[in-house]
Amino acid sequence: MISTYNLEDIANKLNISLKDLNKAFKKGILREYEYKDIKLLTFKKEFKHLEKGTVIFLNENLDVVRGYPKTYRAITLYPTIKNHFVDKVAIEEKLNGYNIRVVKVNDKYVALTRSGYICPFTTKKINKYLDLNILDDYPNYMLCGEMIGKNNPYTPFYYEEVEKEYENLGFYIFDIKEKETNNSLPVKERLSLLEKYNLPHTKPIKIVDKDIAHEEIKNIILELDKKGREGVVIKDLDMTVPPLKYTTHFIHCKDLEEAFTFFFDLGVDFIFSRVVREGFMAYEFNDEDLDKRAYDIGKSIIFPMVESIKKVANNERVTEDIELIFDSEEDLDEYLEFMRKMRMVIKIKKIERINTSEGEKLKVLIGKVYNKTNDKILAYLNGTVWSE
Ligand code: ATP
Ligand code: MG
């Protein structure tokens, strides 16, 4: 499909040279992808000034949507925040879901994942739950937000505020950016625009001077921790300095618990970073009861691991089970096809028809398969020796 487009136009639009464009293709960094009648190119990795997940739609305008930038983490609150920011900062709650950019393209509203694919599941849900005419008035904007709730395919995590008749799912906008430049609206402008269009969004918990932010955040983090929530993102009010994130003890444990259920697949990637975060947090929060922190972390690693070993020993396979709601079989098939394309290894465990006030829906239990964990546990149970 790319052959019908002038590569020079594409390179110009992306602000890179034709030589670099060809290089990106050759290296497999730039991939072609299509969803229904929408064709696009996706950057699978960061390239020149373009973030991973940047896309260019192969339409008349050659619309470019930049990838959502990485959010850096404060490991210590003090002096990191004081050093990083300029004057006042907004402290927002960090929601634990998956990042989505909503844009209007070819007269449709679509949901782009972090890696730059149009997710059919998310695209349907945002069209169902949101009134997106803000994008008719501002087609150059992208709405960046977090899709949260238990019934999502990527980061299933229950949030009481998105409990609906038949699913636990909802979208909160935390950033509005110009899609071609990645410039964000200032915090207050974003908030008033989202209020005007009546769109769900994260609201600052507090706006404070950067010099005292670390003290405020400590208290906020302790509260969020008690409530079993993820953390905060700290933002410059003008959005000219990149945001920073900081997370709770609760979520570090929760992440470890998940990772160590599938420890041969996820363990190595998760453990060191979480332990370091906890170490600095314990120091900065000046824990009276360091034993509790140590116990929680240890438990989050050992308990799920033993649970998985027991399951495999009982001839079960460990999978991550996710329950999703679809409007029709057609929607389900479309999403399964997408998952296959994304190389997600899954297994359908159960399909149920449920009655809702909107008619019949499908409730589908999907198991994500982690082969390495299953195979290695079995091998060790059968006496294989550790040779790594
Ligand atoms: P990265 O660190 O590269 O951004 P990640 O997947 O490791 O990626 P997270 O640790 O979840 O990301 O932290 C960054 C993400 O937090 C953002 O990409 C965004 O999706 C999410 N997020 C949730 N709530 C907010 C918020 N209020 N403001 C900004 N980002 C938020
Ligand atoms: Mg996240």
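The paragraphs below walk through aromatic pairs, charged contacts and a few single residues in this predicted model.

Because the model is predicted, local features were considered at pLDDT of at least 70 and side-chain atom pairs at pLDDT 80 or more, while totals for chains, interfaces and linings use all residues. Residues are numbered from 1 along each chain as its sequence is written, chains are lettered from A and ligands numbered from 1 in the order in which they are written, and side-chain values rest on heavy atoms, with hydrogens and water left out.

The aromatic rings make a friendly starting point. Rings of Phe, Tyr and Trp (for Trp, its six-membered ring) are paired if their centres lie within 6.5 Å; planes under 30 degrees apart count as stacked, over 60 as edge-to-face and the rest as tilted. By this rule the count comes to 18 aromatic pairs. In one of them, the ring centres of Y246 and F285 are 6.5 Å apart and the planes meet at 5°, so this pair is stacked. Y246 belongs to strand β13 (residues 244-247) and F285 to the loop between α9 (263-284) and α10 (290-313), so the pair ties together parts that lie 39 residues apart in sequence. Helices here (H or I, at least four residues) and strands (E, at least two) are DSSP runs, numbered from the N terminus. Both Y246 and F285 are buried, where buried means under 20% relative accessible area, exposed means over 50%, and partly exposed is in between (1.4 Å probe, protein chains only).

Y380 and W386 also form a stacked aromatic pair, 5.5 Å centre to centre with 20° between the planes. Y380 is partly exposed at 25% relative accessibility, whereas W386 is exposed, with a relative accessible area of 56%. Elsewhere, F121, F326, Y335 and F338 join in one aromatic cluster.

Rings also meet charges. A charge sits over a ring if NZ of Lys or CZ of Arg is within 6 Å of the ring centre and within 35 degrees of the ring normal. The charged end of K164 is placed in this way over the ring of Y129, 4.5 Å from its centre. F285 appears again here: the charged end of K218 sits over the ring of F285, 5.9 Å from its centre.

Salt bridges come next, each being a side-chain nitrogen of Lys or Arg within 4 Å of a carboxyl oxygen of Asp or Glu. A search of the whole structure finds 34 salt bridges. One of these is formed by the side chains of K48 and D20, at 3.6 Å from N to O. The pair links distant parts of the chain, 28 residues apart, with K48 in the loop between β2 (38-43) and β3 (55-57) and D20 in helix α2 (residues 18-26). K48 is partly exposed, with a relative accessible area of 49%, while D20 is buried, at 15%.

E216 and K206 meet in another salt bridge, with 3.0 Å from N to O. This pair also links distant parts of the chain, ten residues apart, with E216 in helix α7 and K206 in strand β11 (residues 204-209). K206 counts as partly exposed at 37% relative accessibility. A salt bridge of 3.0 Å, N to O, joins the side chains of E358 and K361; E358 is partly exposed at 44%, and K361 is buried at 5%. In addition, K36, K124, D331 and E334 are linked in a network of salt bridges.

Some single residues complete the picture. P120 lies in helix α4 (residues 120-129) and is buried, at 2% relative accessibility. Leaving aside neighbours within four places in sequence, P120 is in contact (heavy atoms within 4.5 Å) with Y35, E334, Y335 and F338. Of these, Y335 and F338 belong to the aromatic cluster, and E334 to the salt-bridge network. K36, another member of that network, is 84 residues from P120 along the chain, yet their C-alpha atoms are separated by 9.7 Å.

R229 lies in the loop between α7 (210-226) and β12 (231-236) and is buried, with a relative accessible area of 13%. Not counting residues up to four places away in sequence, R229 touches E93, L95, Y159, E161, L224, T248 and F250.
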